[in-house]
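Dear colleague,

I am passing on a structure that will be new to you, with some notes to read beside it. Please have a look at it before going on.

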Amino acid sequence: MAEYLVQPVIHQGQYLFCANKFLKNLEDKKKELMSTRDIVLKRVEEARKKTERIEDVVQKWLTEVQTLLEEVEKLEQQVKANNSCFQARCPTWRRYHQCKEMVEKTKVMIEFDNKSNFKTFARLATLPGIEYSSSEGFTFFESTKLAYAQLWEAIQDDGVYRIALFGLGGSGKTTLVTEVGKKAKESNLFDRVVAVTVSQTANVRNIQGQMADMLNFEFKEETEKGRAQ
């Protein structure tokens, strides 16, 4: 009977007679969690400066930690407001419940602190694709409609790997290609549609960089051949 009755009573009795100890533990863990939160917020700020997208799990952790800290702050105020009651000779039920709540909040803060080592913190934000190119005011003339239809037909042909579009400067070649690219993307004809500008004197590294940006890809290789591979 002593094993099953006395020990649980002693354990519950700690909530009545160790108030100051529980309060100190609560305050210490609160400071540790706030320090961890500040580190995470700093990482978030650094990631956003790099235009990276913060993972949802990180945002969720920050929101829940903020809510928890507010609850702990409220509990601390309640405990300190009833400090005179804690110093009384006879323990009260309020004292018991507040001490028990302090212990539970301390455990939760420790758990959140341990969860701050995220496997993935942020990732490169997806850059706007071909839909970013504005084509407001684009008008289909008869010749444009014909070229559009020919382009769309050729782009759906699995046997065609390269299509050339030629015409006078300012005749709307780039805009026409953009419109076809948008349709290809909207129709899920390809997983991704990438638009890259190639100058007369081709800068290979610049072309590779444009493609990597559009594909949300980060190069680790230094040489042009390595990046091409």
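The notes below deal with one helix and its surroundings, then with aromatic rings, and lastly with a loop residue.

The model is a predicted one, in which local features need pLDDT of at least 70 and side-chain atom pairs count only at pLDDT 80 or more, while totals for chains, interfaces and linings use all residues. Residues are numbered from 1 along each chain as its sequence is written, and side-chain values use heavy atoms, with hydrogens and water left out.

Helices and strands are DSSP runs numbered from the N terminus (H or I over at least four residues for a helix, E over at least two for a strand). Helix α8 covers residues 204–214, and I207, Q208, G209, A212 and M214 in this helix are buried, where buried means under 20% relative accessible area, exposed over 50% and partly exposed in between, with a 1.4 Å probe and protein chains only. Among what covers the buried residues of α8 is α9 (224–228). At the start of α8, a side-chain oxygen of N203 comes to within 3.3 Å of the backbone nitrogen of R205, and just after the helix N216 has a positive phi of about 55°.

L215 lies in the loop between α8 and α9, and this residue counts as partly exposed because its relative accessibility is 41%. Together with V194, M211 and F217, L215 forms a nonpolar patch on the surface, and the four have about 340 Å² of accessible area together. Such a patch is made of residues with over 30% relative accessible area and no salt bridge (a side-chain nitrogen of Lys or Arg within 4 Å of a carboxyl oxygen of Asp or Glu), nonpolar side chains being joined within 5 Å and like charges within 9 Å. The areas come from the Shrake-Rupley method with a 1.4 Å probe.

The structure holds three aromatic pairs, meaning rings of Phe, Tyr or Trp (its six-membered ring) with centres within 6.5 Å, called stacked if the planes are under 30 degrees apart, edge-to-face if over 60 and tilted otherwise. W61 and F118 make an edge-to-face pair, because their ring centres are 5.8 Å apart and their planes stand at 85°. This pair links distant parts of the chain, 57 residues apart, with W61 in helix α3 (residues 56–81) and F118 in the loop between α5 (93–114) and β2 (122–124). W61 counts as buried at 4% relative accessibility, and F118 is buried too, at 13%. W61, F118 and F121 form one aromatic cluster.

Finally, A164 is in the loop between α6 (142–155) and α7 (173–186), and counts as exposed because its relative accessibility is 70%. A164 and L151 are 13 residues apart in sequence, with their C-alpha atoms 9.2 Å apart in space.

With best wishes

Note on methods
Contact = heavy atoms within 4.5 Å. Polar contact = N/O pair within 3.5 Å; in protein donor to acceptor, adjacent residues only side chain to side chain.
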